[in-house]
Amino acid sequence: MADKLILRRQYLDKIRPFIGKDLIKIITGQRRIGKSYMLKQLIAEIKQTHPEGKIIYIDKELEEFSGIRNSGDLHKYVSEQLVDGKDNFLFIDEIQEIEAFQRCLRSLLNKKECDIFCAGSNATMLSGELATMLAGRYMEFPIHSLSYPEFIEFNQIGDSNENLNLYLTLGGMPYQYHLGLDPSIVFEYLNSLYSTILLRDVVSRENIRNVSLLENLVTYLADNTGSLFGAQNISKYLKSQQINIPTQSVINYLRALTNAYFIHKVSRADIQGLKIFEIGEKFYFEDLGLRNSIRPFNYRGDIGKLMENAVYLHLRRNNYKVFVGKSGDKEIDFMAEKNGERLYVQVAYQLGNENIIQREFGNLVDIPDNYPKYVVTMDEIQPGNTFKGIRQVHLRNFLRETV
């Protein structure tokens, strides 16, 4: 059955200017987040702009490419496929499965034999000694789960509070498009995907032996999404639940989950001097639905956590580097930086009383700069509602804005 390609324009627009440039284009992200489809969309576009070009496509999840195990195998296969006198375009999916792939890519790039596009689902492939070979020679394009606007476009539904809640519940894994919006069906898929990610991209790749401890850690992260803590705190909590796990193991497991793009670590930073604090950080999930598949969604108890997670992902999709802000003894949910500019965001379900209003707005009022400041809530508010220059905005509207 032929795949129907639904364009993810935000990412295509970022990659398109680098087509034909002497840089390796590397698409990164969690398994099943849409990297393969992004490669297919790029192939479709290149076939239109370069109809005489030669497309070389390698998918390491297919048996026919199982013989390509290392850099030498890759170089031999590609060399046999190259066509003299034509524009050659090389696409490699799940490239982290090829040992020392950087050696081959550097050689191909130096000889200018083809335009190179890759996709991978492990962050370590762009770190370490081998990656220094490609320093300054590649562009990384992170792909995330569907944004709220993409969610309503993919599912051909309207923009409403009801569908926002559906998005917060089901998340934005692209394959959901083929499943519909029945939660029982979607969560059956998400449960299977969670097991695959955990076993293939975390346990197997990182050689983790105690899978039960890893699962308990993930459950803890789901329960405490957006809470401020450190590895030592997690270890102490798990021990109180008769789950004995050393602090170093917690650190290793968190790193493994982050390497698989399953969770994101957000460090604390001082607002005045941007000093990064080593103790205390927050963790958010790459997909809301996967988080809810681990810990069943309880609206009353979880809505604030999911709102924070959604805001974090929105900032990352808009290319911000995100921190938890610290100003004296006050905490700002998000301090985001991009191109020398900054914005601040507080997230609260509803501003139900004066104490909440003073906390959410007061923390922002005291910040001594004039960068944009937002309080994101689920309150029904009038457009343009501000307090001392701080915008209060409904989550639905914030997720539809390009900030």
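In this predicted model, Tyr374 is buried, its relative accessible area being 10%. The ring of Tyr374 is paired with that of Phe398, a residue that is likewise buried, with a relative accessible area of 0%. Both values count as buried because the cut-off for that class is a relative accessible area under 20%.

The search for aromatic pairs, carried out over the whole structure, returned 18 of them. In one of these, the rings of Phe361 and Phe387 have centres separated by 5.3 Å and planes inclined at 70 degrees, and the pair is therefore edge-to-face, since planes over 60 degrees apart are placed in that class. Phe361 belongs to helix H13 (residues 354-365), while Phe387 belongs to strand S12 (residues 386-387), so that the pair ties together parts lying 26 residues apart in sequence. With regard to solvent accessibility, Phe361 counts as buried at 5% relative accessibility, whereas Phe387, with a relative accessible area of 37%, is partly exposed.

For the pair formed by Tyr374 and Phe398, the ring centres lie 5.5 Å apart and the planes stand at 70 degrees, so this pair, too, is edge-to-face. Tyr374 is found in strand S11 (residues 373-377) and Phe398 in helix H14 (residues 395-398), and the pair therefore links parts that are 24 residues apart in sequence.

Aromatic residues also occur in a cluster, in which Tyr220, Phe229, Tyr237 and Phe283 are joined. In addition, lysine side chains are placed over aromatic rings: the charged end of Lys25 sits over the ring of Phe117, at 4.8 Å from the centre of that ring, and Lys40 lies over the face of Tyr37, with a distance of 5.1 Å to the ring centre.

The packing of helices was examined as well. Two packed helices are described by the angle between their axes and by the distance that separates those axes. Helix H9 (residues 231-240) packs against helix H10 (residues 247-259) at an angle of about 115 degrees, and the axes of the two helices are 8 Å apart. H9 and H10 are therefore roughly perpendicular to each other, and the crossing in which H9 passes H10 is right-handed. On the side of H9, the contact is made by Ala231, Gln232, Ile234 and Ser235, and on the side of H10 by Thr247, Val250, Ile251 and Leu254.

Note on methods:
Residues numbered from 1 in each chain as written. Predicted model: local features only at pLDDT ≥ 70, side-chain atom pairs only at ≥ 80, totals over all residues. Heavy atoms only, no water. Phe/Tyr/Trp six-rings, centres within 6.5 Å; stacked < 30°, edge-to-face > 60°. Helix = DSSP H or I, 4+ residues; strand = E, 2+ residues; numbered from the N terminus. Buried < 20%, exposed > 50% of the residue type's maximum accessible area, 1.4 Å probe, protein only. Lys NZ or Arg CZ within 6 Å of the ring centre and 35° of its normal. Axes fitted to C-alpha atoms, helices over the stretch in contact; angles between N-to-C directions. Parallel < 35°, antiparallel > 145°, perpendicular 65-115°, else oblique. Left-handed = near helix turned anticlockwise from the far one by under 90°. Contact = heavy atoms within 4.5 Å.
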